[in-house]
Amino acid sequence: MMELSSFFPTFCSPDLVLFIAPLWIAVVVGVLVGWVWRPSWARDDKLFTFFNNNLPRPAATTTTTTVPSFESRQVYKEKSGFVTGDDFRHLWNLVEVKDGGPAWIQMMDRSTPTFSYQAWRRDPHDGPPQYRSRTVFEDATPEMVRDFFWDDDFRSNWDDMLLFSSTLEACKDTGTMVVQWVRKFPFFCSDREYIIGRRIWDAGRVFYCVTKGVQYPSVPRQSKPRRVDLYYSSWCIRAVESKRGDGEMTSCEVLLFHHEDMGIPWEIAKLGVRQGMWGAVKKIEPGLRAYQRAKAAGAGLSPSAIMAQINTEEFMNERDSTGEVPGDEKPSSGKNIPKMLVVGGAIALACTLDKGLLTKAVIFGVARRFARMGKRM
């Protein structure tokens with residue numbers, strides 16, 4: 001699957017380690033020198049206790065996560081290993097830019113002859129930085145790209161940060177999986193553990209792939225590797241026209257939405273992403289091409305890739321259970337009312353209430369505004 005260490009693994013990359021190492025050395029030296037030469041008043045145990053108790057610390061890893069206020073609470077109400085229709089609808093809203101979140105700020109726009117990459121970031125008030133990216137692979141099908149990112153066995157061929165992966169649960173009816181990952185972090189951080197629930201929806205060869213952190217009590221929490229609870233990494237995969245301009249839908253677009261809280265200060269994480277994003281992204285395409293060659297040579301599907309082909313058909317299945325499809329507006333006053341009905345009612349109201357021009361102008365103005373709003377909705 002595509003997640004932070006696939007598209008945004010930069011604070012764990014060797015390049016970033018070389019970049020940050022001098023900073024850490026300077027900090028350590030500064031602390032040691034400051035401690036040796038500290039004034040007498042700094043030796044006071046009471047003062048030390050005060051600062052020790054009041055200086056901010058990284059947030060402890062707990063099972064309760066902080067969800068940005070603009071996000072639907074329903075998306076995060078299921079934290080027991082199941083990925084539901086609410087998660088699908090949330091991803092659909094992200095893809096259609098209807099989630100109500102802050103504006104995206106572009107970070108990168110790079111390309112090679114065989115793929116292109118764009119990335120954006122936004123900073124919610126009460127959560128970690130969120131990232132959005134658009135990657136287009138030439139000469140790739142949505143099915144191949146879907147299987148590639150879902151295939152944990154093959155991932156080790158191109159993702160050198162994945163230390164361990166295991167499937168904890170797999171539902172052959174819905175394709176829902178619960179997997180455990182351990183990812184390698186640089187020397188100044190402990191490795192990170194992820195318990196991830198994931199599931200794919202198929203909307204006519206448009207694949208909505210949801211992965212998120214879930215609670216799984218049967219795998220006890222350990223001090224090392226440190227478990228990441230707040231984790232969301234989901235993407236939409238679909239065919240698009242090739243940039244060759246021949247009108248053929250032979251390219252594959254991947255829209256990724258990702259955020260997580262790894263216990264690292266968010267500003268440091270953002271710095272890491274900026275410094276090493278392109279170097280990390282460039283590793284993905286060679287992995288995909290190797291996967292294509294392996295499949296062309298007759299290589300079989302791994303168990304996780306087989307699960308990638310068990311999808312929930314959309315949109316009718318979700319409509320049957322909820323009475324609506326993503327993007328449908330719930331009936332309410334003022335929505336989906338024919339324009340002529342609104343204007344006609346305004347005429348009748350204006351003639352009934354008052355013969356004055358002011359009242360009529362106000363009523364007609366409100367009616368026109370109301371009709372335009374209804375048309376947009």
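**Aromatic pairs, a cavity and helix 8**

A: To start with one residue of this predicted model, Phe-149 is buried, with a relative accessible area of 1%.

Q: Which ring does Phe-149 pair with, and how are the two planes set?

A: The partner is Trp-158: the ring centres are 6.4 Å apart and the planes stand at 80°, so the pair counts as edge-to-face, since that term applies to angles over 60 degrees.

Q: And is Trp-158 buried or exposed?

A: Trp-158 is buried, with a relative accessible area of 11%, which falls under the 20% cut-off for that word.

Q: Which residues do ring pairs link into a cluster?

A: The cluster is made up of Phe-148, Phe-149, Trp-150, Phe-154, Trp-158, Trp-235 and Tyr-291, and a search of the whole structure finds 14 aromatic pairs.

Q: What lies over the face of Trp-150?

A: That is Arg-198, at 4.7 Å from the ring centre; elsewhere, Arg-146 lies over the face of Phe-207, at 4.6 Å from the ring centre.

Q: OK, what about Tyr-194 and Tyr-231, how do they pair?

A: Their rings form an edge-to-face pair, with 5.2 Å from centre to centre and 65° between the planes. Tyr-194 belongs to strand 6 (residues 192-202) and Tyr-231 to strand 9 (residues 231-240), so the pair ties together parts that are 37 residues apart in sequence. Tyr-194 is buried, at a relative accessible area of 3%, and Tyr-231 is buried as well, at 1%.

Q: Switching topic, how many cavities does the search find?

A: Searching the whole structure gives three cavities of 30 Å³ or more, and the second largest of them has a volume of about 50 Å³.

Q: Which residues line that second largest cavity?

A: There are 11 lining residues, and the closest to the centre are Leu-94, Arg-122, Gln-130, Phe-257 and His-259. Helix 4 (85-95), strand 3 (130-137) and strand 10 (251-260) are the elements that each give two or more residues to the lining, with the largest share, three residues, coming from strand 10. By type, the lining divides into five nonpolar, four polar and two charged residues.

Q: Last one, why does the length of helix 8 agree with what it should span?

A: Helix 8 (residues 284-296) has 13 residues, which at 1.5 Å a residue should span 18 Å, and its end C-alpha atoms are 19 Å apart, so the two agree. Its buried residues include Ile-284, Leu-288 and Tyr-291, the last of which is also in the ring cluster. Just after helix 8, Gly-298 takes a positive phi of about 100°.

Key: Residues numbered from 1 in each chain as written. Predicted model: local features only at pLDDT ≥ 70, side-chain atom pairs only at ≥ 80, totals over all residues. Heavy atoms only, no water. 1 Å grid on protein atoms, 1.4 Å probe; cavity = no way out; pocket = protein on both sides within 12 Å on 5 of 7 lines; lining within 4 Å. Points joined across faces, edges and corners; volume = space filled by probe spheres on them. Helix = DSSP H or I, 4+ residues; strand = E, 2+ residues; numbered from the N terminus. Nonpolar A, V, L, I, M, F, W, Y, C, P; charged D, E, K, R; others polar. Expected span 1.5 Å × (residues − 1). Buried < 20%, exposed > 50% of the residue type's maximum accessible area, 1.4 Å probe, protein only. Phe/Tyr/Trp six-rings, centres within 6.5 Å; stacked < 30°, edge-to-face > 60°. Lys NZ or Arg CZ within 6 Å of the ring centre and 35° of its normal.
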